[in-house]
Amino acid sequence: MFDDRYTVAHKIYPYERSPDQDKASAVRHPVVIVGGGPVGIATALDLGQQGVPVLVLDDHEGIGQGSRAICFSKRSLEIADRYGCAGPMIDKGVVWNLGKVFHRDEKVFEFNLLPEEGHKYPAFINLQQPYFERFMVDRLRQLQAAGAPIQLRGKNRVDGIEVHDDHVVLEVMTPDGPYSLEADWLVACDGANSPLRTRLGYEFTGKVFQDSFLIADIRMTGDTEFPTERWFWFEPSHGQGASTLLHKQPDGVWRVDFQIGWDIDRKEEMKEDNIRRRLDAFLGPVRYEIVWSSIYTFQSKRMARFRHGPVIFAGDAAHQVSPFGARGANSGMQDADNLGWKLGLVVQGKAPAKLLDSYSDERVHGADENILNSTRSTDFITPKSEISKIFRDAVLGLARTVAFARPLVNSGRLSVPCVYDGLSLNGPDALTGGPARTRVGAPMVDAPAGDDWLLGLLGGDFRLMTIDAEAPERLEVDRITVTRVALSAKGNPDLAARYLGDATSAVYLMRPDQHVAARWPGFDAAEVTRALKIATRRA
Amino acid sequence: MMTPLNTEPNIANPDDFYARLLAAHEGRSKAESDALNARLVLILCNHIGDTDVLGQAIDLAAEG
């Protein structure tokens, strides 16, 4: 009556009977999160760290098998740092910078992500998703041990939902049978096929791409090693796919990703002999074992809005993109980052519920940017018409010899956090000559700050960052506290370049998700108060 | 101010230019010619660079 849908890699939240199951009437929780994947757990960490009680329900007893998402962006690491679990990720992850692009086996060019100096985290790490999730659940356990009000219930599957204006009622199935729960807020992080979204009948529209990809994770067992680089082939001559990707993961594992077309026999393709046939044609005479394999198809879709009354959608449940550019799990982390503080303020009665509409507006904006970028990559990788293939091949041909064509080669535009330009929580951008990259709406950019890093110093509350400017140490506006972080740009050229530009002093109001709410050349109490009211929808 | 696309004659020896363009295609298959044209378009677009001008050029070409 309660079968697993997939194999669990780490059984780290086994079913335990909860006292809620023995209550005569349904227990009400402030926040229930459905889905214990990366986005659900990240949201739970965010709320738990704020002291907001949160309950996570997952229909399995641990983390699913398979590498799945393997590229985690700097922004995801910065968010994980705020949740206290980036350390093990960076220790375990593979840092890579070099990428090579081939067309019909001839190298077209290579690129270096050339990481900018003065950041705590690299542009990207490769790490199998189960590790990423495990490190977050480990952190959740630490927080629980320290008294954070987080609960995580395995083998608790939501089989029914009733949505009211100000709460939801859930029917939850367990190995001991069903029980009822109530929640003021429900966060649906139940993945691409979101049973909750389907159950509630919310539309999810966009494009389905007619293509399939075969992933094989392999471990070399002979003497062959490949470098820690991203290798991408357009039309490889081994003939085992319209494109092929080779990318290193931890534990000596390489991801091989073959684009194998739409009209395939899934069962046949998944047979080990057939996977080996493709791999052998690609790799030549090397010895390897297959660690994991899977066939996936993808779509670019999103919900019209991510909030429906007390039900809020996040991650793949709300939006899906093609995998080129690593914009799936990374954008889900930005959802958690965006939602956590807003939901926290609303639950604590410090902001009106309409603040949560800004979560939808801002993350819809992010989803559209991700869909646009990943769709363009898909169009380049899989040309949709004869003429688009002619242009694609012309670009690849020219890129071999002339530099101008290289920026046109699109094998995936890697995930960067989006800027909430022109959206409703933005306050004044009054810093004349201030750098564009830290404009209002943008995520704060890391920089060295003494022996520390700026983003670590700023943390996850409202902050007033002053650079060579005076301001009070502490400000309180309607029960929200803003504390000052005082810095000087003298002897810190990175900080000056990233936050001052042509200005000589600056005051930045930062939101708890480390986006810029407003900035000025100097402190003005009325201005900061006004910007804080705008950023919390109390204006 | 947007730079207007130059639609006035701008090539000194139009017949020479035209002959050179056709000569480049001589002896090529349709597929090879298509590829040459695509490369030429990309090279010229990059040389122009100004996206406003390119936009006007694309619109004019699309009108047929």
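Which helices of chain B each supply at least two residues of the lining of the second largest pocket? Keep that question in mind as you start the tour. The model on your screen is a predicted one.

**Stop 1: the second largest pocket**

Select chain B and colour three helices. They are α1 (14-25), α2 (30-48) and α3 (51-63), and each supplies at least two residues of the pocket lining. That answers the opening question. Now highlight α3(B). The largest share of the lining comes from this helix: seven residues.

Next, show side chains. Pick Ile11(B), Phe17(B), Leu40(B), Leu44(B) and Ile48(B). Of the 23 lining residues, these are the closest to the centre of the pocket. The space itself has a volume of about 940 Å³.

Try colouring the lining by residue class. You should find 18 nonpolar, three polar and two charged residues.

**Stop 2: where chain A touches chain B**

Show both chains and look at their contact. How many residues does each chain bring? Chain A gives seven residues and chain B gives eight.

Interface size has a common yardstick. It is often given as the accessible area lost when the parts come together. Here chain A and chain B bury about 690 Å² between them. Carbon and sulfur atoms account for 89% of that area.

Stay on the chain A side and colour it by class. The residues that touch chain B are seven nonpolar, with no polar and no charged ones. Then look for salt bridges across the interface: the count is zero. Search for residue pairs in polar contact, with both residues at pLDDT 80 or more, and the count is again zero.

**Stop 3: the largest cavity**

Rolling a probe the size of a water molecule over the atoms shows where empty space is left. How many cavities of 30 Å³ or more does a search of the whole structure find? The search finds one. The largest cavity holds about 40 Å³ of space.

Go to chain A to see its walls. Select Ser331(A), Gln334(A), Arg363(A), Gly366(A), Glu369(A), Asn370(A), Ser415(A), Val416(A) and Cys418(A), which line the cavity. Then colour α8 (329-347) and α9 (355-381) of chain A. These are the elements that give two or more residues to the lining. Helix α9(A) gives the most, with four residues.

Finish with one more colouring by class. The lining of the largest cavity has two nonpolar, five polar and two charged residues. Set that beside the pocket from the first stop, with its 18 nonpolar, three polar and two charged residues.

Conventions
Residues numbered from 1 in each chain as written. Chains lettered and ligands numbered in written order. Predicted model: local features only at pLDDT ≥ 70, side-chain atom pairs only at ≥ 80, totals over all residues. Heavy atoms only, no water. Contact = heavy atoms within 4.5 Å. Buried area = accessible area lost by both parts, 1.4 Å probe. Salt bridge = Lys/Arg side-chain N within 4 Å of Asp/Glu carboxyl O. Polar contact = N/O pair within 3.5 Å; in protein donor to acceptor, adjacent residues only side chain to side chain. Nonpolar A, V, L, I, M, F, W, Y, C, P; charged D, E, K, R; others polar. 1 Å grid on protein atoms, 1.4 Å probe; cavity = no way out; pocket = protein on both sides within 12 Å on 5 of 7 lines; lining within 4 Å. Points joined across faces, edges and corners; volume = space filled by probe spheres on them.
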